[in-house]
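This briefing covers one helix, one pocket and a set of charged pairs. Please read it with the structure open.

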Amino acid sequence: MALEIELKFPVEDFDPFVSVLRNKGKKLSPWYFEQNIVLDTQDQILKKKDILLRLRKGLNHDLLTLKLPAVDPEGLAKKREELETRVEDVSVLKDIFGALGFFPFLRYEKFRQKWKLEGGKVCLDILPFGQFIEIEGESFEQMLEILHLRPEDGTKKTYYELFQDFLKSHNLPPKESFVFSDKEKKAIAARLNVKI
């Protein structure tokens, strides 16, 4: 079981960070489109326990992820035990979980590019409600320094929690899933040269 350590930062423009990453890091992936399905029981027993069960369709392979409740909640970065494995067929696995009482609770999409920096990982993420840099790894303090990011500007919140904040701040009604419209998805994919 791996310990995930991460912080997210809302950003307006990736360019200054990409410039630093090109000089000090290594690109791990091109931009790609990602679809996520979070599973839970009808009474949301996993959410109540701060457990995440997720199926992800990504760049080269699909993943099943289980994230356990946060450890060290007072710490600077979010820390969670995480189990993750590649899966051959997300739709079959979704049916298996459905037979066991776990159904899609929410769906979300993003465009992502991954970089390696100081032994950790930096993800550039475009979501339907904003752009973020996600810093992952034990050396996150060095990564923040290299990227000129201040820890106090980061958040330990999940993208789901950030989406709920976005809805509230824009006086929009509650909504679980956050996915792109077809027009938006095609426009971003064309700009980033991503096949969807």
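**Helix α6 and its surroundings**

Helix α6 is followed by Asn 193, whose phi is positive, near 60°. The model is a predicted one, in which local features need pLDDT of at least 70, side-chain atom pairs count only at pLDDT 80 or more, and totals for chains, interfaces and linings use all residues. Residues are numbered from 1 along each chain as its sequence is written, and side-chain values use heavy atoms, with hydrogens and water left out. Helices (H or I, at least four residues) and strands (E, at least two) are DSSP runs, numbered from the N terminus.

- Helix α6 spans residues 182–192, and its buried residues are Lys 185, Ile 188, Ala 189 and Leu 192. Buried means under 20% relative accessible area, exposed over 50%, and partly exposed in between (1.4 Å probe, protein chains only).
- These buried residues lie on the same side of α6, because they cover an arc of only 100° around the axis. The arc is that of the directions from the helix axis to the C-beta atoms.
- Lys 183, Lys 186, Ala 190 and Arg 191 are exposed on the other side of α6.
- Strands β3 (32–40), β7 (103–117) and β8 (120–127) are what the buried residues of α6 pack against, where contact means heavy atoms within 4.5 Å.

**The second largest pocket**

- The volume of the second largest pocket is about 160 Å³. A pocket is an open set of points on a 1 Å grid over the protein atoms alone, where a 1.4 Å probe fits, with protein on both sides within 12 Å along at least five of seven lines; lining residues have an atom within 4 Å of a point. Grid points are joined across faces, edges and corners, and a volume is the space filled by probe spheres set on the points.
- Two or more lining residues come from each of α1 (15–24), β7 and α6. Helix α1 gives the largest share, three residues.
- Among the lining residues are Phe 14, Asp 15, Trp 31, Trp 115, Arg 191 and Leu 192.
- By type, the lining has six nonpolar, two polar and four charged residues. Ala, Val, Leu, Ile, Met, Phe, Trp, Tyr, Cys and Pro count as nonpolar, Asp, Glu, Lys and Arg as charged, and the others, Gly among them, as polar.

**Salt bridges**

- Side chains of opposite charge can pair when their charged atoms come close.
- The structure holds 16 salt bridges, each a side-chain nitrogen of Lys or Arg within 4 Å of a carboxyl oxygen of Asp or Glu.
- In one of them, Lys 67 pairs with Glu 4, and the closest N and O atoms are 3.0 Å apart. This pair links distant parts of the chain, with Lys 67 in strand β5 (residues 62–71) and Glu 4 in strand β1 (residues 2–10), 63 residues apart.
- Lys 67 is buried at a relative accessible area of 9%, and Glu 4 is buried at 8%.
- Lys 8 forms a salt bridge with Glu 134, with 3.4 Å between the closest N and O atoms. Lys 8 in strand β1 and Glu 134 in strand β9 (residues 130–136) are 126 residues apart along the chain, and both are buried.
- Arg 150 and Glu 152 meet in a salt bridge at 3.7 Å, N to O. Arg 150 is partly exposed at 47% relative accessibility, while Glu 152 is exposed at 56%.
- Glu 6, Lys 8, Arg 112, Asp 125 and Glu 134 are joined into one network by salt bridges that share partners.
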